[in-house]
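Visitor: I should like to take a close look at one surface part of this model and then follow the account inward. Please state the cut-offs as you proceed.

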Amino acid sequence: MIAELGHFALILACSLSVIQGVFPLYGSINGNGRMMAISLPAAYGQFLFVSFAFAALMYSFIVSDFSVANVATNSHTLKPMLYKVSATWGNHEGSILFWALILALFGAMVAFFGRNLPRKFHVTVLSVQAFVGLGFYLFLLLTSNPFERIFPFPNEGNGLNPLLQDPGLAFHPPLLYLGYVGLSVTFSFAVAALIEGRVDAAWARWVRPWTLLAWCFLTAGLTLGSWWAYYELGWGGWWFWDPVENAAFMPWLVATGLLHSAIVVEKRDTLKAWTILLAIIAFSFSLLGTFIVRSGVLTSVHAFATDPERGVFILLFLFLVIGGSLFLFALRADKLQPGGLFAPISRESMLIINNLLLSVSALVVMFGTLYPLLRDALTGEKITVGPPFFNMAFGSLMIPLIIVMALGPMANWKRADLMGILSRLKFMMVVSLVATLAFYYMAGGGAIMAAVWLGLGMWLLFSTLYEWSERIKLFKGGALKRILRQPRASMGMTFGHLGLAIAVLGMAATSYWDSEYQGIMGYGDKATIAGYEVTLNSTDGIIGPNYTAVSASFDVNKDGQKVTTLEPEARVYMTPPMPTTEAAILSTFLGDLFVVIGEANSENYDLWAVRLYFKPLQAWLWTGVAIMVLGGFISLSDRRFRTGTIKGKK
């Protein structure tokens, strides 16, 4: 009865979302306090029932209840426990239930932590959040029931895609969903502001922590997915501009712009309409990603293969959410009058440039992702928009963005002196230019774009450090006290910009200056790459819980000294039958040595296909992003966010 109880709990959560959406909103419009009071217990109850439903599905996976169609399709008795648990959200139905769970979680968090908000506004936000949740509950109950029974049921399940049986993919979706769904809160705040007809500094202060929280999780989720692709797929790359990767990247770009735009609203009471629009678009891109992944319009290792009927439902939901919110925006836009004026050269202008470049970048990624799908649907002609397009179009927009990022924190609000800023940063400009020329020279006149990007990374790194040192007066007495007194939001900004600078250096080096070896190696054979001498010693058979594998042993030497032994694996999973590779990676400050063992090339199993990669500064990419996320959480701990922000009129 566990599955039936889970299904019943889902129905109750759906009913509560209707109650939470309709009655408190009616009470808010008509000033009925008793109806408004329904919103908080309804939000808590909704989270309670969805949690029970999700726990019931997880229990079905843990005990391998193959009478549940979802479990029979996506699990197996031999699968390790971690992947039985992660299979709960590693399929279409389970992932949508997980969406609903996190949506209810954020609703409960807004109910609890938003008690300092003006009451009417608080209730309106919760009502909008409930209507979004209602769409997902209906999607589950009408088209994607995770608790559907089958009879007669099989004695064994089909198993999970072996590529998804990895710790990175066990934790990547939850982080990504926390980011995706977290943007629903900013959407609810934006729609509630349009209903109330009020957007001001207080609203920006309320919405920023929720946007920042979603941004942190989305950044971490994107990076974990990239890291999984890097070490699990065996091709040595960390980003391929896959449509499903892009589906998560687009809301990240818009959310980054929204974070900066909200600062302008808070500090200068301007860009109100633009900020509201970004909040709507950010969540709209999250829903678009849901459509891309679950509509069946594409095939990807990340995508859920589903029937088109579900895609039609999501498309209708997209139309209602995006169309309805944009229609409301059009009706209310005249009430969002701009506030303070500012000069063409000012911090506001720098942030506007930042926003425009990020927004156009998101549109470029959307075009490159959707154009092949639309052309296939309209003409039947299949084309591919690959990395060269994205690298050129997206990269050309990021160059001015990074230049402006270094200038923005140095500029004053309202009016700034551009020549004065450049004069203060002239040493950083010279260092960055010299670094660019040095990188170009070291490359022997090749990879000019690598030198440009490395120079840009140096420019952002040194400029950020210089701005921080000026802000705290590093070379004057009492600097330590000033560091400790810095607002955490400012510290978080510095960490965020530093992290991006370090990540850019890693991206440039590993993308342009990597080296590769592919060949057939026998026992005792040596291959040289990036100064490393790699020797194939032996191979051995391994029997895992649900796979068999060949494990190879490679000695790695450098300058005549042994560095380590690497042991990559070539696996064949039993259910479903599928070959995969498990790369072995030596990660150092200067780069990663990446070793992959392939198939045997002789009947005696003494010759093996081997791929070696050297990825310079790869660890800088992961470290830089980790610093960015750390900066986000440091900003989130700012006292202004923890104390409930600015209280408005009740």
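In which helix is Met 81 found?

Guide: Met 81 lies in helix H5, residues 81-86; helices here are DSSP runs of H or I with at least four residues, numbered from the N terminus. This is a predicted model, in which local features need pLDDT of at least 70 and side-chain atom pairs count only at pLDDT 80 or more, while totals for chains, interfaces and linings use all residues. Numbering starts from 1 along each chain as its sequence is written, and side-chain values use heavy atoms, leaving out hydrogens and water.

With a relative accessible area of 43%, Met 81 is partly exposed, because that class lies between buried (under 20%) and exposed (over 50%), using a 1.4 Å probe and protein chains only. Met 81 belongs to a nonpolar surface patch with Met 1, Ile 2, Leu 5, Phe 52, Tyr 59, Ile 62 and Val 63, together offering about 760 Å² of accessible area. Such a patch joins nonpolar side chains within 5 Å, from residues with over 30% relative accessible area and no salt bridge, that is, no Lys or Arg side-chain nitrogen within 4 Å of an Asp or Glu carboxyl oxygen. Helix H1 (2-30) and helix H3 (39-62) each give two or more residues to the patch, and H3 provides the largest share, three residues.

H3 also holds Gln 46, which counts as buried at 5% relative accessibility. Leaving aside residues up to four places away in sequence, Gln 46 touches Ala 13, Leu 16, Ser 17, Gln 20, Ala 104 and Tyr 137, a contact being heavy atoms within 4.5 Å.

How values were computed. Patch = residues over 30% accessible without salt bridge, like charges linked within 9 Å, V, L, I, M, F, W, Y side chains within 5 Å. Areas by Shrake-Rupley, 256 points an atom, 1.4 Å probe, with all protein chains shown as cover.
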